[in-house]
Amino acid sequence: MPEEDLVDIKFRLYDGSDIGPFRYSSASTIDMLKQRIVSDWPKGKTIVPKAVNEVKLISSGKILENNKTVGQCKAPFGEVPGGVSIMHVVVQPTLAKTKTEKKIDEPRKIVCSCSIL
C-alpha cells in the first residue's frame, strides 16, 4: 500500500485525553474506526461506550457517517505531510426501549378564599 494512502489519526476524548494515533488506509470506513475506539477505550473513564452506535466521530465540525471512508472525510485544507489528523469522539448512550414517560396530571384547580371589606 503506498505511503500516501495511509493517514495517521488520533481520537480526542471528552476529557482531553487521546486514543492513538493509529495509521489507517484511506479506504477504511468510519465504522471501522469506531470499532477500534470501542475496543481500545481507556480503562477508568466515567463515560464508556457499550456499542459502536453510541460513538460519534467529528472532524472539521462535521459528524462523520459510518459508510464514508477516511479518504472521503479528510479535510482538504491545512494538511501537513506526515501530520496527525484529530477526530473528536462523542459518546451518546442509547435510550432504553422501555423509557418511562412522565405522567401528566390534570390541571389542578386553585381555590382562593378572599374577603373584601
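Strands S3 and S4 run antiparallel to each other and are joined over 2 bridges. One of the pairings puts Ile 58 across from its bridge partner in S4, Ile 63. Keep in mind that this is a predicted model. The two strands make a hairpin with 2 residues in between, and Ser 60 in that turn has a positive phi of about 55 degrees. From there, here's how the rest of the chain fits around them.

**Overall layout**

- The protein chain contains 2 helices and 5 strands.
- Going along the sequence, the pattern reads β-β-α-β-β-α-β.
- Out of 117 residues in the protein chain, 26% count as buried.
- If you look at contacts with a separation of 6 or more, 59% of them come from residues 24 or more positions apart.

**The sheet**

- The 5 strands line up as an open sheet in the order S2-S1-S5-S3-S4, with mixed pairing.
- S2 and strand S4 (62–63) are the edge strands, so to speak: each one pairs on one side only.
- Helix H1 packs on this sheet and touches S1, S2, S3 and S5. The direction of H1 makes about 120 degrees with that of S3.
- As general background, strands of a sheet pair through backbone hydrogen bonds, either parallel or antiparallel.
- S1 and S2 run antiparallel, with 6 bridges joining them. In that pairing, Leu 6 stands opposite Ser 25 in S2.
- S1 and S2 also form a hairpin, this one with 5 residues between the strands. Gly 16 sits in the turn and has a positive phi of about 90 degrees.
- On to S1 and S5: this pair is parallel, over 5 bridges. Here Lys 10 faces Ile 86 in S5.
- S3 and S5 are antiparallel and are joined by 4 bridges. Lys 56 has Val 90 as its bridge partner in S5.

**Strand S3 up close**

- S3 has two faces: Val 55, Leu 57 and Ser 59 make up the covered one, while Lys 56 and Ile 58 make up the uncovered one.
- Is Ser 59, a residue of strand S3, buried or exposed? Ser 59 has a relative accessible area of 12%, and the cut-off for buried is under 20%, so Ser 59 is buried.
- Leaving out residues up to four places away in sequence, Ser 59 touches Leu 64, Cys 73, Ile 86 and Met 87.
- Leu 57, on the covered face as well, has a long contact list once residues up to four places away in sequence are set aside. Among its partners are Phe 11, Ile 30, Leu 33, Ile 37, Ile 63, Leu 64, Met 87 and Val 89. Lys 34, Lys 62 and His 88 are on the list too.

**The nonpolar core**

- The largest nonpolar core has 19 residues. Which of them touch the most other members? Ile 9, Phe 11, Leu 33, Leu 57 and Val 89 do.
- Several elements each supply at least two residues of this core: strand S1 (6–12), strand S2 (18–25), helix H1 (30–39), strand S3 (55–59), helix H2 (70–73) and strand S5 (84–91).
- In soluble globular proteins generally, nonpolar side chains tend to be buried together.

**Aromatic rings**

- How many aromatic pairs are there? The count comes to 2.
- In one pair, the rings of Phe 11 and Tyr 24 have centres 6.2 Å apart and planes at 70 degrees, so they meet edge-to-face. This pair links distant parts of the chain, with Phe 11 in strand S1 and Tyr 24 in strand S2, 13 residues apart. Both Phe 11 and Tyr 24 are buried.
- Phe 22 and Tyr 24 form another edge-to-face pair, because their ring centres are 6.5 Å apart and their planes sit at 75 degrees. Phe 22 is buried, as is Tyr 24.
- Put together, the ring pairs link Phe 11, Phe 22 and Tyr 24 into a cluster.
- There's a charge involved here as well: the charged end of Arg 36 sits over the ring of Phe 22, 3.5 Å from the ring centre.

Note on methods
Residues numbered from 1 in each chain as written. Predicted model: local features only at pLDDT ≥ 70, side-chain atom pairs only at ≥ 80, totals over all residues. Heavy atoms only, no water. Core = buried A, V, L, I, M, F, W, Y, C linked by side-chain atoms within 4.5 Å. Buried < 20%, exposed > 50% of the residue type's maximum accessible area, 1.4 Å probe, protein only. Contact = heavy atoms within 4.5 Å. Phe/Tyr/Trp six-rings, centres within 6.5 Å; stacked < 30°, edge-to-face > 60°. Lys NZ or Arg CZ within 6 Å of the ring centre and 35° of its normal. Pairing = 2+ DSSP bridges. Axes fitted to C-alpha atoms, helices over the stretch in contact; angles between N-to-C directions.
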